[in-house]
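Student: Please choose one part of this model and look at it closely. I would like each term explained with its cut-offs as it comes up.

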Amino acid sequence: MLPCVCWIQPLLVFLSSVLRAQGENCPASCLCPDPHTVDCSGRGLTRLPDEIPLDIRRLLLSDNWIPRIPSDFLVLYSDLVYLDLRNNSLSHIEPGTLSTSSRLVFLDLGSNNLTDIPSGTFGQSRSLIKLRLGNNPYLSMVNEDAFLGLTSLRELELERNALSGLQVGALSQLPSLRVVRLEGNPWVCNCNFANLFAWLEENSHKLPNGVEGIECSLPMDGRRVSLSQLSQDSFRECQITLTLTDLLIIIFSGISVSVVAIMTSFFLASIVHCFQRTSKTSKGDEEESEE
């Protein structure tokens, strides 16, 4: 019995020192249920906590008042795979902030105050599988290249935002996409929505509630209708309707061609006139020489 006790005692001392070290590395007012998880949810934080362990894999920061993420925050946390920033006060994510976390698999930015998702926001986070951007009441613009490079993304949540339109390229360039949530946005079924509607019909199996779960406003009277009540024929006029930009391009091109033609004609006429004057002068000199 005595040899066993002598063997167990050092082990208990070692485990005690490990647990003590974990507690010392845990940020103040946060919990660390395991060596690679820091839980600071609902702590009333107004900024990111200090002294986060460098080998962290799961960081939970939901239900706080954090207004921004420093652009260099994730540089040191290369092992981070799970980041929950749901229900904070984030209004903007600087492009490149998240690209440094190459192993990030899950990212929740839902229920914040984001207004737009510009190109390059997520860099080349090729390991990202699930991205939550829903319930941002001021999010009205998503750049066509906002998700460029997210080749492993399977689930994208954009529900209950302020999106009235979305360029279809933002979705079509996600080769691994399996689920996309778009319901609860103030979509407007105008000609700008035509391409997105065609994509949604073709990929309705990726919508949790199909096209029936998405509504849009008709441009004529503002009436809300389900996308299931529309068809490709609903956007037939869009195929022959020129936008103001198209008309301006056509007008400008016509004016440019006319100006170039006038300048060319003037240049050619000047050359002909000079040639004629030169010919007359030469002929007059020859006649004077003969006399």
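Tutor: Two strands are said to pair if DSSP finds at least two bridges between them, where strands (E, at least two residues) and helices (H or I, at least four) are DSSP runs numbered from the N terminus. This is a predicted model, in which local features need pLDDT of at least 70 and side-chain atom pairs count only at pLDDT 80 or more, whereas totals for chains, interfaces and linings use all residues. Residues are numbered from 1 along each chain as its sequence is written, and side-chain values use heavy atoms, with hydrogens and water left out.

The part to look at is the sheet that contains β11, together with the cysteines and the helix around it. Three strands form this open sheet in the order β11-β12-β13, with mixed pairing, and its edge strands, each pairing on one side only, are β11 and β13. Between β11 and β12 the sense is parallel, over two bridges, and valine 188 stands opposite serine 217 in β12.

Disulfides (pairs of cysteine sulfur atoms within 2.5 Å) reach into this region. One of them joins cysteine 189 to cysteine 216, with the sulfur atoms 1.7 Å apart, and its -105 degrees about the S-S bond make the link left-handed. This pair connects distant parts of the chain, 27 residues apart, since cysteine 189 sits in the loop between β11 and α3 and cysteine 216 belongs to strand β12 (residues 215-217). Both cysteine 189 and cysteine 216 are buried, a term that means under 20% relative accessible area, with exposed being over 50% and partly exposed in between (1.4 Å probe, protein chains only).

A further disulfide is formed by cysteine 191 and cysteine 238, whose sulfur atoms are 2.2 Å apart; this link is also left-handed, at -85 degrees about the S-S bond. It again joins distant parts of the chain, 47 residues apart: cysteine 191 lies in the loop between β11 and α3, and cysteine 238 in the loop between β13 (224-226) and α4 (244-290). Cysteine 191 is classed as partly exposed because its relative accessible area is 39%. The structure holds four disulfides, and when the bonded cysteines are numbered in sequence order the pairing reads 1-3, 2-4, 5-7, 6-8.

From the loop after β11 we come to α3, whose buried residues are Ala194, Leu196, Phe197, Trp199 and Leu200. The cover over these residues includes α2, β10 (179-181) and β11 (187-188), where contact means heavy atoms within 4.5 Å.

Helix α3 also leads into the largest nonpolar core, a nonpolar core being a set of buried Ala, Val, Leu, Ile, Met, Phe, Trp, Tyr and Cys residues joined through side-chain atoms within 4.5 Å. Of the 63 residues in this core, those touching the most other members are Phe122, Leu131, Leu133, Phe147, Leu156, Leu200 and Leu227. The elements giving two or more residues to the core are α2 (169-172) and α3 (194-202), and the largest share, five residues, comes from α3. Elsewhere in the core, leucine 131 is in contact with Leu107, Phe122, Phe147, Leu150, Leu153, Glu155, Leu156 and Glu157, leaving aside its neighbours within four places in sequence. As a general background, nonpolar side chains tend to be buried together in soluble globular proteins.
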